[in-house]
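Me: Hi! Could you walk me through this one? I'm new to reading structures.

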Amino acid sequence: MRRPLTLALLLLAGPVNASAQRRALPTPASVLGFVPGTDRRLTEWGPVVDYFRALDAASDRVTVRQLGLTTNGLPFLAAFISSPANLLRLPALRDAQRRLADPRLTPDSAAAARLAARTPAFALVTSSVHSTEVGGFFAPLELAYRLAAGSGPAIRTILDSSVLILVPSLNPDGVNIVSRWYAQTLGTPAEGTAPPELYHRYAGHDDNRDWYAFTQVETRLVVDSLYGVWHPQVTMDIHQQGSAGSRIFLPPYMDPVEPNVDPLLVQGVNALGAAIAWRLTTDGFTGVSLHAGYDAWTPARAFQHYHGAVRILTETASASLASPVTIAFDSLRASEDVDPRQRSWNFVAPWPGGRWTLTDIIRYQTAAAMAMLEHVGRNRADWVRMSRRVAERAVRGWADWPYAYVIPTANQDATALATLLDILRHAQVEVRTALGSFAVGQERFYAGAYVLPLRQPYAAFARAMLEAGPYPDIRDYPGGPPRRPYDATAHTLPLLLGVRVLPASDSIAVELSAPASPAPPTFRATGIAPQPGSRDSRPAVRLGLYRSYTAPVDEGWTRWVFDTWEVPYQSLVDSMVRAGNLGARFDAIVLPSMSPRAIVEGLSARRFPARLSGGLGAAGVQALRDFVDGGGTLIALNDASDFAVSALDLPVENALARLSPQDFFAPGSIFRTVLDTTNPIAAGMPAQSVAWFEQGPAFESRDPLRVRLVARYPAQAGDILLSGWLIGGQNIAGRAALAEVRLGHGRVVLFGFRPQYRGQSLATLPLLFNAIRTSSR
Ligand SMILES: [Zn+2]
């Protein structure tokens, strides 16, 4: 018999210490020196750290941990906030969470129910991953202070029934980058603009799209030290959207929902998002939108959906960084899903327009987080049960899923294989090795092959990442324009990495090892990276990487790949290119993917100081032409290829240039390519490979003497798409994905795709490295 003793136990275990509330707690203002939300004031990271440490020292409801260091070496923090009694028993709670998250450790359902009854729900709130969304610098301080200082039944329920893990910033480096730029430009025409550099050293705005590849330090800290240890049931990620739409977005998300997400989590997201919206409306907040704009397709933003947790995204309207804006009601702008001037079921109370400030942003963000915490506190048992059910269903297995995946070791690229296994390890997916030989269908595998049985807690992550699924064909109306997805439509790791993985539908007749822990990968670009131990400091290729002050994120990823694979290079800003004589210093120059206009025009001289504005200009374009004429190699990635073709007047056409989205559309998909492996750029590659295609160009040659086509898309339209979405394949069939064009004494290498996509597409990195390696003079 199950007795209703949950609440009584919790109250006994965790009464809030009344004396703690009387102790003088530092307010955020007392540490920052100003009230959060003050117009035109931002904070750097140091004071945020100081505040959380001061709160930890003063409050027995707050424990702050440093998880590690950021990319730029700043402390990365998480604050645990709960009742003093819960914080004292954190080690026991950690063990309970582990047992609840893995039903194989607690198969007895009565024992599991007893464990669930005495364990609080865990909620993880993360903030300011995007550093121009500056309300997120302050909302965590407000939230922590309210929970540490507050009294009354609502606060008491939150503290007793839940443990909040609060990450004040997922990108502390960006707090400094943006606040320093803002301070520097206050009172100038550039006030309120984004900084002229990426706000995460490598990932920029993509720092929020790294949740399955785990390439960045910050992602790994959160995955390894928080998700993998504390198994939160509920998560909230605090963001901001544009100024002219709704005041705050909350889930439900739009379709499509990625099909491997457990339906119970989808329903949990819907319920919690709507409950928060209900509460905000009750408390007089206007302009709350649901089910608008943001979908739930890519695992790149939704680690939680594969790890037993709901993910609540909040997107609050922005001001101009910390500078207030005024938005007249009539200038509010409709999206496809919500018209902020009209009531609708998913937008019940319009905001009247007017002044919108940093204070408003923080108020909305904090209220949404408090509403979430109150809901979780009141419904603790439901949330604990939800995650437990999701785990039980995963361990039991889904009828239409394969039994296992097999990852052979023979004929695989060692670095790519190690990368895949490392990704699975960060995601807590268990991989075992076969202790003998076995067959799957007609194919035989031998001892040492990796086997990933799908009946395990985080099997959904494995299935989402390892099997290619088509993206649904969603149109505005039948036959109409495609509905633009929120992010990329493909994420299939075996294709991106070039690793063979096979599903095995039936159980495999072989003994398996305990979960394996293979060595992490090591990266080195052979022939470009300096020889280990060599004292010759001259690089094999003198490489330049164009670094625009418009800060395109592809530049950051290119730099990340070069730094990680030990490719020596020098960054080139506009003034260095304009100065000319590039051939004296470089053999090859890489232009990362960015629009031709951004390359040529750069930042506007009307808003930005002269040293940062103007782009390459005519002088820079001429300098690049002289560089190639004189024997240099210009390597243009994706959108930058359009620049190279027009600026250098190359005998190449983009076959997709004038097509409407109804005729051709592929907003982030994986295509098959056929390579000319006799070309040195494709040396060592298989005859068939892939391309990460993202609305880039596809080439046709107008001069067979000067243009060599290194990679093409298949001639049959039906053979092109490997994962994601493609409309109008016949328009790209047989066209070139990669071309090499002679110009003067040099050459231009045109990529119609991103060979180093978000640091993930290891399958196509050799094409980029070969293009660089063959530039040596
Ligand atoms: Zn954001």
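Me: What counts as a salt bridge here?
Reply: A salt bridge is a side-chain nitrogen of Lys or Arg within 4 Å of a carboxyl oxygen of Asp or Glu. One case is Arg279 with Asp283, whose side chains meet at 2.9 Å, N to O. Keep in mind as we go that this is a predicted model.

Me: Is that pair buried or partly exposed?
Reply: Arg279 is partly exposed, with a relative accessible area of 30%, and Asp283 is partly exposed too, at 45%. Buried would need a value under 20%.

Me: How many salt bridges are there by that rule?
Reply: The count comes to 38. Among them is the one between Asp237 and Arg311, with N and O 3.6 Å apart. That pair links distant parts of the chain: Asp237 sits in strand S5 (residues 234-241) and Arg311 in strand S10 (residues 310-317), 74 residues apart.

Me: And are those two buried or exposed?
Reply: Asp237 and Arg311 are both buried. Arg747 and Glu740 are another buried pair, and their closest N and O atoms are 2.7 Å apart in a salt bridge.

Me: Which residues get joined into a network by shared partners?
Reply: Asp102, Arg104, Glu430 and Arg432 do, through salt bridges that share partners.

Me: New topic: the zinc ion. What holds it?
Reply: Its protein donors are His130 through ND1, Glu133 through OE twice, and His239 through ND1, at 2.1 to 2.3 Å from the zinc ion. Along the chain they follow the spacing H-x2-E-x105-H.

Me: Why do His130 and Glu133 count as buried?
Reply: Because buried means under 20% relative accessible area: His130 has 3% and Glu133 has 9%.

Me: Why is the zinc site called irregular and not tetrahedral?
Reply: The angles among its 4 donor atoms run from 56 to 149°. Four donors count as tetrahedral if all angles lie between 85 and 135 degrees, so this site does not pass.

Me: Okay, sheets. What's the order of strands in the open sheet of 4?
Reply: The order is S14-S17-S13-S18, with antiparallel pairing. Strand S14 (432-433) and strand S18 (502-504) stand at the edges, each with a single partner strand, so each has one side without a neighbour in the sheet.

Me: How many bridges join S13 to S18?
Reply: There are 3, between S18 and strand S13 (residues 404-407). Ala404 stands opposite Ala504 in S18.

Me: Which helix lies across S13?
Reply: Helix H15 (residues 414-426) lies across S13 and strand S17 (450-453), running at about 150° to S13.

Conventions: Residues numbered from 1 in each chain as written. Predicted model: local features only at pLDDT ≥ 70, side-chain atom pairs only at ≥ 80, totals over all residues. Heavy atoms only, no water. Donors = N, O, S within 2.8 Å, 3.2 Å for Na, K, Ca; no water. Tetrahedral: all angles 85-135°; square planar, octahedral: opposite > 155°, others 65-115°. Buried < 20%, exposed > 50% of the residue type's maximum accessible area, 1.4 Å probe, protein only. Pairing = 2+ DSSP bridges. Helix = DSSP H or I, 4+ residues; strand = E, 2+ residues; numbered from the N terminus. Contact = heavy atoms within 4.5 Å. Axes fitted to C-alpha atoms, helices over the stretch in contact; angles between N-to-C directions.
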